[in-house]
Amino acid sequence: MPEPKPRQTITSIVSPLSSVTGNTATSSTHHGHTEPLEYVDIVPGFRMTFDEANVALDLYRSVYTPSFPFVPIPLTMTAFELYQTTPFLLRTILQVTAPQTPTIQREAQLWFRQYIAQHVVVEQERSLELLQCILAFVAWGNFQFYIESQATDLLQLAGAIVIDLGLNKSLDSLGATRGSFVPEAIRKVKGHRRERHTLDDKRAMLGWSYLSSLVATLFRRLQSSVYTPYLTHCCETLLVTQEYNSDKLLVALVGIQRILTRVSDAFPSLDLEDTSNQVLGAPLYMVMATAKKELDALFQNQPSEVKCNGMMTELIYLSQPEGHIEDIEGRGENKWLTSGIRTVLFWINYHGVLMKLYEPAIHMRHSQNSKDLFESNYRTETLWNCLHATKLFFASYATIPLDNLGSISLVATAYMSFAVVTSSRLLFLNDSDWDVNLARKSFDFAAACQGLSDMFREGDRLAQSLGRRRKFEDNGESVLGAHHMKILWIRNWYLDKTFTVLSETATKASTSVSANTGQVGMAMDSDPQQQSVHDSSLLPIELDEEFWRALLDSNPLTYMPQV
C-alpha cells in the first residue's frame with residue numbers, strides 16, 4: 001500500500017485564539033443548528049483548521065509512522081473523523097507533527113502532561129486512546145540528545161494502562177479460569193472489560209513493550225517487560241492480517257528487542273555486583289553467539305530490499321579508507337542506497353543491538369586459567385565485534401534521509417547516544433586484550449562525528465525550509481542544531497584527548513632518548529598544528545550531565561549511566 005503524500009504545505013498553524021479554549025474544538029450555532037467544526041484547538045495560540053489537520057495527518061502517516069509503526073492511522077480516515085472518535089489522539093498527533101514556536105511547544109507539552117495526569121491518575125481512566133497518545137508523545141518527544149527522566153513516568157503510566165486493560169495477556173488467561181476472580185471483577189466494576197483485543201490494542205501493547213525494553217536495556221531506568229507467548233501470538237497475528245505495510249517492520253523491531261532483552265538478562269547486573277572480575281568465558285560467549293545467530297535468522301526473513309540495502313551499506317562502508325562514512329550518507333550521492341526510512345530503521349536497530357550484545361566485554365576480563373587458545377581470545381574477539389558493530393551503526397545512521405531526520409523516533413537517538421559512549425570506551429580502552437591504536441586506525445571516530453554533525457546541521461536547515469516541525473530545547477535552540485554542536489564538540493574532545501595521549505607518549509620517548517645529553521625533547525609543544533583543538537575542560541552547560549559523565553569518565557568499568 002503506497003504511503004500518502006501531503007496534499008498541501010502546512011502554512012499558518014499557530015494562530016492567536018480569542019479565548020482560552022483548552023481542550024475543546026471550535027463550533028458555532030445558528031438558529032439552533034450546529035454547524036460543522038472548523039477548528040481544533042490544542043492550547044491558547046495553537047489552533048488548526050481541519051484542512052490543515054488533514055495535511056498534518058498525511059504527514060504523520062507518510063513521514064512519522066514509518067519510524068515508529070505502533071500507532072498507525074488508517075489511510076482513508078480524515079482528521080475530523082479521527083477527532084470524532086479519539087480527539088485527544090488527534091491533538092497529540094498535531095502536537096507531534098505541526099510547526100510551533102518554542103513557547104507554544106513548551107505549553108503544549110505541559111498541557112499534554114496535565115491532561116494525562118488528570119485522566120489517568122486522578123480520574124483513573126484506562127483506554128487505548130490514552131495509551132496510544134503516551135506512545136506517540138514519548139516516541140517523538142523533546143528528549144533532546146539523551147533519554148531524560150521525563151520519559152520514565154509516562155512509560156510507567158502506559159504500563160499501568162496495559163496491565164489494567166489486560167492487553168498483555170490473552171483474554172482466555174484472565175479471571176477465574178486461572179484461579180482468581182479479582183482481576184475479572186475489577187475490570188467489570190471499573191469498566192475496563194474488553195471483549196476482544198483489536199489489532200490496534202496489540203500494536204499499542206507491543207509498542208509499550210518495545211519502548212520499555214529499550215529504555216531498560218540501554219539506560220536501566222525501567223524493568224524490562226516480560227516477553228510472553230502472547231506477545232509472539234500478537235506478532236504472528238499482525239503478520240497474517242497485514243493491515244498495514246509497516247506491520248512487518250513492527251514485528252521485526254519487537255523481535256530484535258526481544259533478543260536483546262533476553263541476552264541482557266543473562267549477563268550480571270552492574271547495579272548489583274562488581275563485574276571487574278567477571279570472566280568472559282565459554283558460557284557467556286555462547287550466549288552472544290546464539291543471539292547473533294538469532295539476529296541473522298531474523299535478517300534472513302526480511303524483504304529483499306532490506307537485506308540488499310544492509311549488505312550494500314556494509315560493503316561500501318568497509319571499502320572506504322579507515323572507516324570513513326562521508327560517501328554513504330544517503331542523500332542521493334550513492335545510487336545503491338535508495339531504500340526508505342523503514343529499511344534504515346531496521347539496520348539502526350540491528351547494529352544497535354549488536355553493539356549492546358558485545359558491549360559487556362568492556363567491563364570483563366579474559367579467562368586466565370583456560371588452556372584453550374580460542375577461549376583465551378574470546379574477549380578480544382568480542383571487543384572487536386563490538387567496534388565493528390559501532391562502525392556499521394554509524395554508517396546506517398548516516399543513511400537517514402535528511403527530510404526524515406527531524407521526524408525520526410527516539411529509538412534512533414537512544415542508540416546513537418549509546419554508540420557514541422561505547423565508541424569512546426573502546427577507543428580509550430587500555431587493556432592487555434586490546435590494541436587501542438589498531439582500533440583507532442580501524443575506526444575514524446572523528447570523521448564519523450564530523451559526518452553526523454554536518455548531517456544534523458543540514459537536516460535542521462531543511463526542516464526549516466520545508467516548514468516542518470522543529471523541536472526546541474528550553475533555551476529556544478532547535479534540537480537538531482544542538483545535536484550538531486554537541487557532536488562537533490565530541491569530535492573535538494576526542495581529537496584533543498587522543499592528541500594529549502600521543503603527546504605524552506612522544507614526550508616520554510623523547511625524554512628517554514635524550515637522557516644521556518641532558519636534553520628533553522619539546523618539539524611537539526612548539527608545533528602550532530598540534531595544539532589542543534578544543535579546551536575539553538570547558539564543558540558546555542547545555543550538554544546533558546549524565547551523558548557526559550559516562551563519556552568523560554576515565555574509569556573503563558563505569559557502565560552506561562542511569563539517566
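**View 1. Gln242, a loop residue with a positive phi.** A residue counts as partly exposed when its relative accessible area falls between the buried class, under 20%, and the exposed class, over 50%. Gln242 has a relative accessibility of 29%, so it goes into that partly exposed class. Keep in mind for this and every other view that the model is predicted. Gln242 sits in the loop between helix H9 (229-241) and H10. Its phi is about 50°, positive even though the residue is not a glycine. As background, most residues other than glycine have a negative phi.

**View 2. Gln124 and its contact with His119.** Here's another non-glycine residue with a positive phi: Gln124, near 55°. Look for Gln124 in the loop between helix H4 (102-122) and helix H5 (128-139). With a relative accessible area of 42%, Gln124 is partly exposed. His119 belongs to helix H4, and at 16% relative accessibility it counts as buried. Leaving aside residues up to four places away in sequence, His119 touches Gln124, Glu125 and Leu130. Take Leu130 from that list: it is eleven residues from His119 in sequence, and the two C-alpha atoms are 8.6 Å apart.

**View 3. Helix H8 crossing H10.** Zoom in on helix H8 (residues 199-219) and H10, whose axes come within 10 Å and cross at roughly 40°. The crossing is left-handed. On the H8 side, the contact is made by Arg203, Leu206, Tyr210, Ser213, Leu214 and Thr217. H10 brings Asp247, Leu250, Leu253, Val254, Gln257, Leu260, Thr261 and Ser264. Sort the contact residues by class and you get seven nonpolar, five polar and two charged.

**View 4. A salt bridge from H10 to H11.** Staying with H10, this close-up shows the side chains of Arg258 and Glu294 meeting in a salt bridge, with 3.8 Å from N to O. Arg258 lies in helix H10 (residues 247-266) and Glu294 in helix H11 (residues 282-300), so the pair ties together parts that are 36 residues apart in sequence. How buried or exposed are the two partners? Arg258 is partly exposed, with 27% relative accessibility, and Glu294 is partly exposed too, at 28%.

**View 5. A salt bridge within helix H1.** Arg61 and Asp58 pair up in a salt bridge whose closest N and O atoms are 2.8 Å apart. The two residues lie in helix H1 (residues 50-64), three residues apart, or about one turn of the helix. Arg61 and Asp58 are both buried.

**View 6. Glu458 with Arg461 in H19, plus a salt-bridge network elsewhere.** Glu458 and Arg461 form a salt bridge, and their closest N and O atoms are 3.1 Å apart. Helix H19 (residues 445-465) holds both of them, three residues apart, about one turn of the helix. Glu458 is partly exposed at 30% relative accessibility. For the companion panel, turn to Asp200, Arg203, Glu243 and Asp247, which are joined into one network by salt bridges that share partners. The structure holds 17 salt bridges.

**View 7. Ser478 in the loop after H19.** Ser478 is found in the loop between H19 and helix H20 (479-513). Its relative accessible area is just 6%, so Ser478 is buried. Which residues does Ser478 touch, not counting those up to four places away in sequence? They are Asp460, Arg470, Lys471 and Phe472. Asp460 is 18 residues from Ser478 in sequence, with 7.7 Å between their C-alpha atoms.

**View 8. The largest nonpolar core, and the chain around it.** This core has 143 residues, and the members that touch the most others are Phe68, Leu206, Leu211, Phe346, Tyr397, Ile400 and Phe445. Helix H13 (residues 341-358) supplies the largest share, with twelve residues. Zooming out, the chain has 21 helices and four strands, and 54% of its 563 residues are buried. Among contacts with a separation of 6 or more, 77% come from residues 24 or more positions apart.

How values were computed. Residues numbered from 1 in each chain as written. Predicted model: local features only at pLDDT ≥ 70, side-chain atom pairs only at ≥ 80, totals over all residues. Heavy atoms only, no water. Salt bridge = Lys/Arg side-chain N within 4 Å of Asp/Glu carboxyl O. Buried < 20%, exposed > 50% of the residue type's maximum accessible area, 1.4 Å probe, protein only. Core = buried A, V, L, I, M, F, W, Y, C linked by side-chain atoms within 4.5 Å. Axes fitted to C-alpha atoms, helices over the stretch in contact; angles between N-to-C directions. Left-handed = near helix turned anticlockwise from the far one by under 90°. Contact = heavy atoms within 4.5 Å. Nonpolar A, V, L, I, M, F, W, Y, C, P; charged D, E, K, R; others polar.
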